[in-house]
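Got a model open and want to find your way around it? Let's walk through this one together, from the outline to single side chains.

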Amino acid sequence: MYVGSGDPKRSMELLWGVVDKPRRGPKPRFTVDDIVATAIELADAEGIDAVTMRGVASALGLTAMSLYGYVPGKAELVDLMVDRVHAELSPPESSASGWRARLEAVARRTWELYLRHPWLLQVSTVRPVLGPNVIAKYDADLHAVADLGLTSVEMDQVITLVSNYVHGAVRAAVEMRRVRQDTGKDNPQWWSEYAPLFTKLFDDERYPVAAKVGSEMGEEHYGPDAPELAFEFGLERILDGVAVLVENAARRAGPDVTSL
């Protein structure tokens, strides 16, 4: 599924609160906000596939047909859901010292958002939701690398780089949670069952490097916090790479701006 797959005009009107004049008659039982909140609850609990017009209507005690009076369809509803969860992201604290700390905060806020709403991984945002909350996040993220002498394209690409990294890294954490829930076993428990057989089958001489590294890394790599460890390591390397870009920009500009 991807955002923007429905009627983009209707989605934009709903996202920005452009509503028709109220009609005569009884006041609606629910608001669009109520419907979006219910859809998010369903998606958090069961995944994006559980969000159907019939399912959301049932959760609200409505008929599916009456729900269409609020939202044109699931595609537009998903647009609203994606934008709504981004409202949870308050701007990073301005006290963060230096661009690196600010950019790290951007990554962690995004990581936590995906963990709260793992269904976001099931929704492609190649065509972004141009809603107020998504745009507010983009603006706040850009402030992390503002005034560093980067071009507009470089600023955008740094934020895109961090966002894409988090998107890939958090998938492992979400998958581990799902596997643990489905099997009732965490990684240490799973490995404790299969390690004896694996030890018998594994040939240290045939795979010497894997044997050495795997042995030394095994406890951390297959522990309950393995995705978090990988996220922390990768984030540091990403920031190291951005530091080179910032230093190059400083040389272009002349004054030292790397400490901003």
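What follows goes from the overall fold to the core, then to a pocket and a few individual residues.

A word on ground rules first. This is a predicted model, so local features are held to a pLDDT of at least 70 and side-chain atom pairs to 80 or more, while totals for chains, interfaces and linings use all residues. Residues are numbered from 1 along each chain as its sequence is written, and side-chain values use heavy atoms, with hydrogens and water left out.

Start with the fold. The protein has eleven helices and zero strands, where helices (H or I, at least four residues) and strands (E, at least two) are DSSP runs numbered from the N terminus. Going along the sequence, the pattern is simply α-α-α-α-α-α-α-α-α-α-α. The C-alpha atoms fill a box of roughly 80 × 60 × 30 Å along the principal axes. The radius of gyration, taken over C-alpha atoms, is 23 Å, whereas a compact globule of 260 residues would come in near 18 Å; that globule rule is 2.2 Å times the number of residues to the power 0.38.

How much of the protein is buried? Buried residues make up 37% of the 260, with buried meaning under 20% relative accessible area, exposed over 50%, and partly exposed in between (1.4 Å probe, protein chains only). Contacts also reach a long way along the chain: among those between residues at least 6 apart in sequence, 78% join residues at least 24 apart. A contact here means heavy atoms within 4.5 Å.

Now for the inside. A nonpolar core is a set of buried Ala, Val, Leu, Ile, Met, Phe, Trp, Tyr and Cys residues joined through side-chain atoms within 4.5 Å. The largest one has 65 residues, and V51, V56, L77, M81, L103 and W119 touch the most other members. The elements giving two or more residues to this core are α1 (8–15), α2 (32–46), α3 (53–60), α5 (74–85), α6, α7, α8 and α11 (226–253). Helix α8 supplies the largest share, ten residues.

M81 is a good place to zoom in. Setting aside residues up to four places away in sequence, M81 touches V36, A39, I40, A43, I48, V51 and W119. Next, look at I35, which sits in helix α2. With the same kind of neighbours left out, up to four places away, I35 touches V56, L60, L67, Y70, V71 and L77. I35 counts as buried because its relative accessible area is 0%. One of those partners, L67, is 32 residues from I35 in sequence, yet their C-alpha atoms are 8.4 Å apart.

Over in helix α8 you'll find V158. V158 is buried too, at a relative accessible area of 2%. Beyond its neighbours within four places in sequence, V158 is in contact with L103, V145, L150, V242 and L245.

What about a polar side chain? S11 lies in helix α1 and is buried, with a relative accessible area of 4%. Leaving out residues up to four places away, S11 touches E76 and D79.

Time for some empty space. Rolling a probe the size of a water molecule over the atoms shows where such space is left. On a 1 Å grid over the protein atoms alone, with a 1.4 Å probe, a pocket is an open set of points with protein on both sides within 12 Å along at least five of seven lines, and lining residues have an atom within 4 Å of a point. The second largest pocket has a volume of about 690 Å³, a volume being the space filled by probe spheres set on the points, which are joined across faces, edges and corners. Its lining has 23 residues, with H86, T125, P128, V134 and S163 nearest the centre. Two or more lining residues come from each of α6 (98–116), α7 (132–143) and α8 (152–183), and α8 gives the most, six. By class, the lining has twelve nonpolar, eight polar and three charged residues; Ala, Val, Leu, Ile, Met, Phe, Trp, Tyr, Cys and Pro count as nonpolar, Asp, Glu, Lys and Arg as charged, and the others, Gly among them, as polar.

Finally, check D147, found in the loop between α7 and α8. D147 has a positive phi of about 60° although it is not a glycine, and at 64% relative accessibility D147 counts as exposed.
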